[in-house]
Amino acid sequence: MPFRELNRQQIWMLPPTLDELIPNDHPARFIAAFVDSLDKSFWDKLGIGIDGEPLGAPAYHPRALLGVWLYGFMTSTRSSRKLETACRDQIPYLWLTGWQRPDHNTLWRFYKEHRKNMRHLFKLTVRTAVKLDLVDLAVQAIDGTKIAGNASRDRTYDRKGLKRLLERTDKAINELEQDNNAGNDAFFVHLPEKLRKAKYLRNQVKEALDQLADKDGQKRINLTDNDAVFMKSRQGIVTGYNMESVASPLKTNKTKTSGMLLTGLNVVSEQDDHYQLIPMLKQSEEMTGKLVEITLADAGYHSGANPAICEQRKQMIIMPESQEQRLKSPYHKDNFIYNSHTDCYGCPKNQSLRYMETRTIANKEVRVYGGLSAVCRKCPAFGKCTKNRYRGREILIGQHDEELRRHRTRMLTEKAKIIYKRRKEIIEPAFGIIKEQMGVRRFLLRGLDNVKNEAETLATAFNLRTLCTIFNSGAFEKRRLLIVSMSEIGIIVRNLFVFLCISRNINKMKGFSFIPTTLFESY
Ligand code: SF4
């Protein structure tokens, strides 16, 4: 088989335009359409002056810089140095910047200054999808995933470890200062590097000790990122964060593709999911502007209070319990029948358990009902129902027990079991895409607030990726075909034009974007 001719020095008689090098359905075009659609009021919301300053050296256009960051997050390039390299040698980045090459400092300064306000972009993607009726807001799923922080596991210490480290550092500083003074160097104006590092470490350790003293319950702290904590993940123990997300499925009949849209996202330094359910439901309501009727959550979110609050919010929660085996026992407290006239619970063997006292357990008040120990000891169920010979069976009734019983009854229905099966298919693929395709195995920024900003930009990129897929699937086929044909006409016109114009004028021809800029409108 002959080889194709390999010629790295070939020249074009008709050089292609930059626009021609990017296919019509390329995600970079979608990002550009998104960025170009932002009106002045939205740029103000981002804290960016879109008109530029009348004086001074020309700066890079915010549309170019924002486009680079969003496209970078979408395609697993989140570091400013990698983006700088990409802006030098990757055609989609060159197209987005109009063949300009911002360096990493420029890119980083832009992101650092505006990343906090970029959360508005996340909301814009959600509101756009809702407005176009692309999302099925009848159901949503919530889950958390552990993502490593930008922190070394080996630099996590408990109080004892920090105190030992402080002693070692103090000793090292003393020795280094003695060495430094013995040198008697009159011209020595800077601290030696080792001494400077040791003093920096001492300050870090002291701050970490103060932080541990302030936070009740926190036992360890990481010196690289004080907010990152030890968490169990599927990959083992990581020092990182818990990224909570809410996702709703796409309307497949409208979008002609399956997938999901993130409608809520938060990052916390707590492994426990219990306390995240209600804040995430509120966030999803605020983002979509609608109250989603059914929420699917795993057992990690189950608590007595959560079903009760969901009931108050008129949102149905489908959520199993972590200890479902115990529920199957015929002597579970749910099988004790309450009599409101006598304020007693009837046990399965017809003993009446009366109110005894109110106890405080884990800062919550519970009502304790108990039977006669003599009756329980003689009962055939003794040993299964209770093993307490002296007090007999006691049941603890919390503030939300009634709602909890209703929730359990609902979870036993076939309908709830069928709906719950959808949880995995809605939320788990979102984490898979974020980790595997968008390359987010660890956060790059440090500190909880910064990591939250990074995650919000990630969620924006995720939603743009989903919207781009919908657009390319042909959901907007008629409009797209019309505009693509305009694009092709444009290329023909350009080829004629090139004979008449000097080549640099070609750059003035704007891309024939196939996405109408009115698709995204400010909310
Ligand atoms: S052990 Fe006591 S409370 Fe339990 S079923 Fe028997 S009599 Fe009722």
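**Ligand shell and helix packing in a predicted model**

Student: Which residues are around the ligand?
Tutor: This is a predicted model. A residue counts here if one of its heavy atoms lies within 4 Å of the ligand. The residues that surround the ligand are Cys-347, Lys-349, Gln-351, Cys-376, Cys-379, Cys-385 and Arg-393.

Student: How many residues of each class does the shell around the ligand have?
Tutor: Cys counts as nonpolar, Lys and Arg as charged. Gln falls among the polar residues. The shell therefore divides by class into 4 nonpolar, 1 polar and 2 charged residues.

Student: What is the arrangement of H12 relative to H15?
Tutor: Helix H12 spans residues 305–312, and helix H15 spans residues 401–411. Their axes come within 8 Å and cross at roughly 85°. Angles of 65 to 115 degrees count as roughly perpendicular. So H12 is, relative to H15, roughly perpendicular.

Student: Which residues in H15 do Pro-307, Ala-308 and Glu-311 in H12 meet?
Tutor: Contact means heavy atoms within 4.5 Å. Across the contact of H12 with H15, the residues divide into 3 nonpolar, 1 polar and 3 charged. On the H15 side, the partners are Glu-403, Leu-404, Arg-406 and His-407.

Student: What share of the residues in the chain is buried?
Tutor: The chain has 19 helices and 13 strands. Buried means under 20% relative accessible area. Of the 523 residues, the buried share is 45%.

Student: What part of the accessible surface belongs to carbon and sulfur atoms?
Tutor: The accessible surface of the chain comes to about 29,500 Å². Of that, the part that belongs to carbon and sulfur atoms is 52%.

Technical notes. Residues are numbered from 1 along each chain as its sequence is written. This is a predicted model: local features need pLDDT of at least 70, side-chain atom pairs count only at pLDDT 80 or more; totals for chains, interfaces and linings use all residues. Side-chain values use heavy atoms; hydrogens and water are left out. Axes are lines fitted to C-alpha atoms, for helices over the stretch in contact, and angles run from 0 to 180 degrees between N-to-C directions. Helices (H or I, at least four residues) and strands (E, at least two) are DSSP runs, numbered from the N terminus. Angles under 35 degrees count as roughly parallel, over 145 as roughly antiparallel, 65 to 115 as roughly perpendicular and the rest as oblique. Buried means under 20% relative accessible area, exposed over 50%, partly exposed in between (1.4 Å probe, protein chains only). Accessible areas come from the Shrake-Rupley method with a 1.4 Å probe; for residues, only the protein chains shown count as cover.
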